[in-house]
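Colleague: Could you take a close look at the charged side chains of this model and at how they pair, and then place them in their wider setting?

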Amino acid sequence: MRGIELTPEIPVADLADLGARAESEGFDAVFASSHYNNRDPILALSRVAAATDAVRVGPGVANPYETHPVALASRVATLDEVSDGRAVCGLGAGDRSTLRNLGVERDRPLRRVLETMKVGKRLWAGERVTHDGTFDANEAALNYDVGEIPVYVGAQGPHMLRMSAKHADGVLVNAAHPRDFAWAGDRIEEGLAERPDERGAFDVAAFASVSVAEDGDAAREAARPPVAFIAGGAPDPVLDRHDLDQERAADIGEHIEAGEFSAAFEAVTPAMIEAFCVAGTPETVADRMAAVLEHVDSFVVGSPLGPDREAAVSLAAEALDRGYRER
């Protein structure tokens, strides 16, 4: 998979145009990030599907807290219908600080994601489902035919990585540095050792924040917002792996939770950008992509993309082509 993540912080029509541009540049999957304070990703992706011919489309990633898992399965199934069978379901536990804004406690995230995936697949297969776990469903069913939809789990921690390898169709490893992918690969191998043969092939995809521009400094500056969200929610072991200040990261998370985004972005350090984003000139980005591709099967170019979105789609495609050649 050669995927790209687009953020519906821009008008839906503009996002659809970017999706069409991404397809013309050789990307074969378009994900839309899923946060309540942006436009609805499923509606946005339906417009991307209408503007394209072959790319897969899916949330990157939806969480089963804001929306009941059965309703989420139906929304993704609807996207599959309007895209003529091109949907892919990116599923994850969601951002802790963002969910707190909604008064939602991210309780038992691994179980919630696993149960959501299993119930969704049963619903898409036409089953009537009763479930009693991290959420309840009583004789739930969809009143229309769906079929198979691949599920990719967004993961960073060891347990979610292992679970995805055992149960899902693929994993979106939320990282940007080769050091993190090397570590994640070991956890994924542990899960694959327990994966039943009938589940078929498993795709390991980098889901890496990328910011690219001819001006490397401008690219790194544009990386501040997503890096703030990543650093503010990063677990201590990840911060320690990159020798990053835990207290500063916690402060960034508190700023984000309070809606003080400017303060959060300003607190991002160059070391955080290096750890959590593939940022710089096309040459620099291509070299980092090649290093990451040593550890994964696929690459999803995540937001912010760069200071100029349209140019960044093309530059990222070129860098990814070079990264595949050089790995």
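Modeller: I would begin with lysine 166, which is partly exposed because its relative accessible area is 28%, where buried means under 20%, exposed over 50% and partly exposed in between, with a 1.4 Å probe and protein chains only. This is a predicted model, in which local features need pLDDT of at least 70 and side-chain atom pairs count only at pLDDT 80 or more, while totals for chains, interfaces and linings use all residues. Residues are numbered from 1 along each chain as its sequence is written, and side-chain values use heavy atoms, with hydrogens and water left out.

Lysine 166 forms a salt bridge with glutamate 194, and the closest N and O atoms of the two are 3.6 Å apart. This pair links distant parts of the chain, since lysine 166 is in helix H6 whereas glutamate 194 is in the loop between H7 and strand E9 (203-212), 28 residues apart. A salt bridge here is a side-chain nitrogen of Lys or Arg within 4 Å of a carboxyl oxygen of Asp or Glu, and helices (H or I, at least four residues) and strands (E, at least two) are DSSP runs, numbered from the N terminus.

Arginine 162 forms a salt bridge as well, with glutamate 190 as its partner and 2.8 Å between the closest N and O atoms. This pair also links distant parts of the chain: arginine 162 is in helix H6 (residues 158-167) and glutamate 190 is in helix H7 (residues 178-192), 28 residues apart. Arginine 162 is partly exposed at a relative accessible area of 25%, and glutamate 190 also counts as partly exposed, at 34% relative accessibility. The pairing extends to a further residue, for Arg162, Arg187 and Glu190 are linked in a network of salt bridges.

The structure holds 18 salt bridges, and one of them joins the side chains of arginine 2 and aspartate 321, at 2.4 Å from N to O. Here too the pair links distant parts of the chain, with arginine 2 in strand E1 (residues 2-6) and aspartate 321 in helix H15 (residues 309-326), 319 residues apart. Arginine 2 counts as buried because its relative accessibility is 18%, whereas aspartate 321, at 30%, counts as partly exposed. Helix H15 also holds alanine 316, which is buried, with 1% relative accessibility. The C-alpha atom of alanine 316 is separated by 12 Å from that of alanine 219, although their positions lie 97 residues apart along the chain.

Charges outside salt bridges deserve a look too. Asp245, Glu247, Asp251 and Glu254 form a negative surface patch; such patches are made of residues with over 30% relative accessible area and no salt bridge, like charges being joined within 9 Å and nonpolar side chains (Val, Leu, Ile, Met, Phe, Trp, Tyr) within 5 Å. Within this patch, aspartate 251 is found in helix H11 (residues 246-257) and counts as partly exposed, at 34% relative accessibility. Another acidic residue, aspartate 243, is found in the loop between helix H10 (236-241) and H11. Aspartate 243 is exposed, with a relative accessible area of 72%, and its phi is near 55 degrees, a positive value in a residue other than glycine.

A positive phi also occurs at leucine 305, near 80 degrees and again in a residue other than glycine. Leucine 305 lies in strand E11 and counts as buried, at 3% relative accessibility. Strand E11 (residues 298-305) contains proline 304 too, and a cis peptide bond with omega of about 25 degrees joins serine 303 and proline 304. Another cis peptide bond joins glycine 60 and valine 61, where omega is about -5 degrees, and valine 61 is placed in the loop between strand E3 (56-59) and helix H3 (69-82).

Finally, covalent links between cysteines: the structure holds zero disulfides, a disulfide being a pair of cysteine sulfur atoms within 2.5 Å. Cysteine 89 is buried, with a relative accessible area of 5%, and cysteine 277 likewise counts as buried, at 2%.

Note on methods
Accessible areas come from the Shrake-Rupley method with a 1.4 Å probe; for residues, only the protein chains shown count as cover. Lys and Arg count as positive and Asp and Glu as negative; His and the chain ends are not counted. The place of a charge is taken as NZ of Lys, CZ of Arg, CG of Asp or CD of Glu.
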